[in-house]
Amino acid sequence: MADGASAGNVRGSVLVVGAGIAGIQAAMDLADSGFKVHLVERNPSIGGSMVQLDKTFPTNDCSMCIVSPKLVEASRHNNIELHTYTEIESFSGSPGAFEVTLREKARSVDAEKCTGCGNCVAACPVRQVVRVQDVYQQEPSEELRETDEIVDSCGAEREALIHILQKTNEHFGYLPEAALRRIAMRLDISYSEVYGTASFYKAFSLEPKGDHTIQVCMGTACHVRGAGVVLEEFEKRLGVEAGGTTDDRTFTLETVNCLGACALGPIVVVDGEYHGNMAMGKVSKLIDVYAKKGTSR
Ligand code: FES
């Protein structure tokens, strides 16, 4: 790309399109190598999606801690010229001699005088709403919309937390992390409080459950009548240990302590239906019956 603005020992000029984290890093590497870099970003500010994230996969590092120094470095680098709120209108030429025409959108503020105080945004509520919606508010997923409906139906008050968790667990079959975070946000309480409550009660599950829940009673009366052998047979047939869910999410196998029907022991409950006097030989048939029933949700 021909460039008349390059200075000093600059080797040539390069155009980088998009000032997300990848574009910024590419621009800095090229600028450090001695190229004059034109970094073009269609949004009013640089940083891309990463500045909107809390944590970064897979290390869980703070996103802003990673990206902030790069934003500062890119904006101050002598070999980088930022073109924000700008889009490419046309380009022509061949390798080594490209010509690019950029269109810079009107900011409605004098960039020379702007100090970034934000007073103009406060004085112009329409622009503020548009900016916030466009840049920071993403359409909630189906899961979050359904969580919102549950929260709203329960009154969206901190006192309703357990009720909300009950309904969410019932709706999804477990408590997805995204739903717990949404509940915390909606009730204006910490995630750790919501998680602490969700993990305290055995009635809630933090893992997806199967379509059918099999509970084998391991209370004393059932245990002495052979519940251990029955449990082992379920584990063998389903290929999961107690507490686990089959890979196809058809069955979840659990143990419980005394269901109050000791005379019928060993007893197994499937989806709330009691099956007394269980024996190893009945396990396979029971699994087949519920597998054929399909989902219970
Ligand atoms: S010990 Fe199993 S029902 Fe009581």
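**Close-up views of a predicted model**

Buried residues, meaning those under 20% relative accessible area (exposed is over 50%, partly exposed in between, with a 1.4 Å probe and protein chains only), make up 33% of the 297 residues in the protein. This is a predicted model, in which local features need pLDDT of at least 70 and side-chain atom pairs count only at pLDDT 80 or more, while totals for chains, interfaces and linings use all residues. Residues are numbered from 1 along each chain as its sequence is written, and side-chain values use heavy atoms, with hydrogens and water left out.

**View 1. The overall makeup of the protein.** The protein has 11 helices and 11 strands. Here helices (H or I, at least four residues) and strands (E, at least two) are DSSP runs, numbered from the N terminus. Contact means heavy atoms within 4.5 Å. Among contacts between residues at least 6 apart in sequence, 55% join residues at least 24 apart.

**View 2. Helix α6 crosses helix α8.** Two packed helices are described by the angle between their axes and the distance between the axes. The axes of α6 (residues 161-172) and α8 (residues 191-200) come within 11 Å and cross at roughly 65°. Axes are lines fitted to C-alpha atoms, for helices over the stretch in contact, and angles run from 0 to 180 degrees between N-to-C directions. The crossing of α6 and α8 is right-handed, that is, the near helix is turned clockwise from the far one by less than a right angle (anticlockwise would be left-handed). On the α6 side look for L161, I162 and L165, which meet V194, T197 and A198 in α8. The residues of this contact divide into five nonpolar, one polar and no charged. In this count, Ala, Val, Leu, Ile, Met, Phe, Trp, Tyr, Cys and Pro are nonpolar, Asp, Glu, Lys and Arg are charged, and the others, Gly among them, are polar.

**View 3. Helix α7 and its cover.** In α7, the buried residues are A179, L180, R182, I183, A184 and L187. What covers them includes α5 (142-154), α6 and α8. Just after α7 comes D188, whose phi is positive, near 60°, although D188 is not a glycine. D188 lies in the loop between α7 (177-187) and α8, and D188 counts as exposed because its relative accessibility is 72%.

**View 4. Salt bridges around α7 and α8.** A salt bridge is a side-chain nitrogen of Lys or Arg within 4 Å of a carboxyl oxygen of Asp or Glu, and a search of the whole structure finds 12 of them. R186 forms one with D152, the closest N and O atoms being 2.6 Å apart. This pair links distant parts of the chain, with R186 in α7 and D152 in α5, 34 residues apart. D148, D152, R182 and R186 are linked in a network of salt bridges. Another salt bridge joins E193 to R158, with the closest N and O atoms 2.8 Å apart. Here too distant parts of the chain are linked: E193 is in α8 and R158 in the loop between α5 and α6, 35 residues apart. Within α7, E177 forms a salt bridge with R181, again with closest N and O atoms 2.8 Å apart. Because E177 and R181 are four residues apart in helix α7, about one helical turn separates them.

**View 5. A buried glutamate in strand β2.** E41 lies in strand β2 (residues 36-41). E41 is buried yet has no salt bridge, and the nearest side chain of opposite charge, R42, is 5.3 Å away. For charge, Lys and Arg count as positive and Asp and Glu as negative, while His and the chain ends are not counted. Not counting residues up to four places away in sequence, E41 touches G18, A19, G20, I46, H83, T84, Y85 and T86.

**View 6. F234 in helix α10.** Find F234 in α10 (residues 227-238). F234 counts as buried because its relative accessibility is 0%. Leaving out residues up to four places away in sequence, the residues F234 touches include I214, V216, L253 and L286. F234 and M280 are 46 residues apart in sequence and 8.4 Å apart in space, C-alpha to C-alpha.

**View 7. Backbone details in two loops.** The peptide bond from G265 to P266 is cis, with omega near -10°. P266 is found in the loop between β9 (251-256) and β10 (268-270). N277 is in the loop between β11 (273-275) and α11 (280-293), and N277 has a positive phi of about 50° although it is not a glycine.
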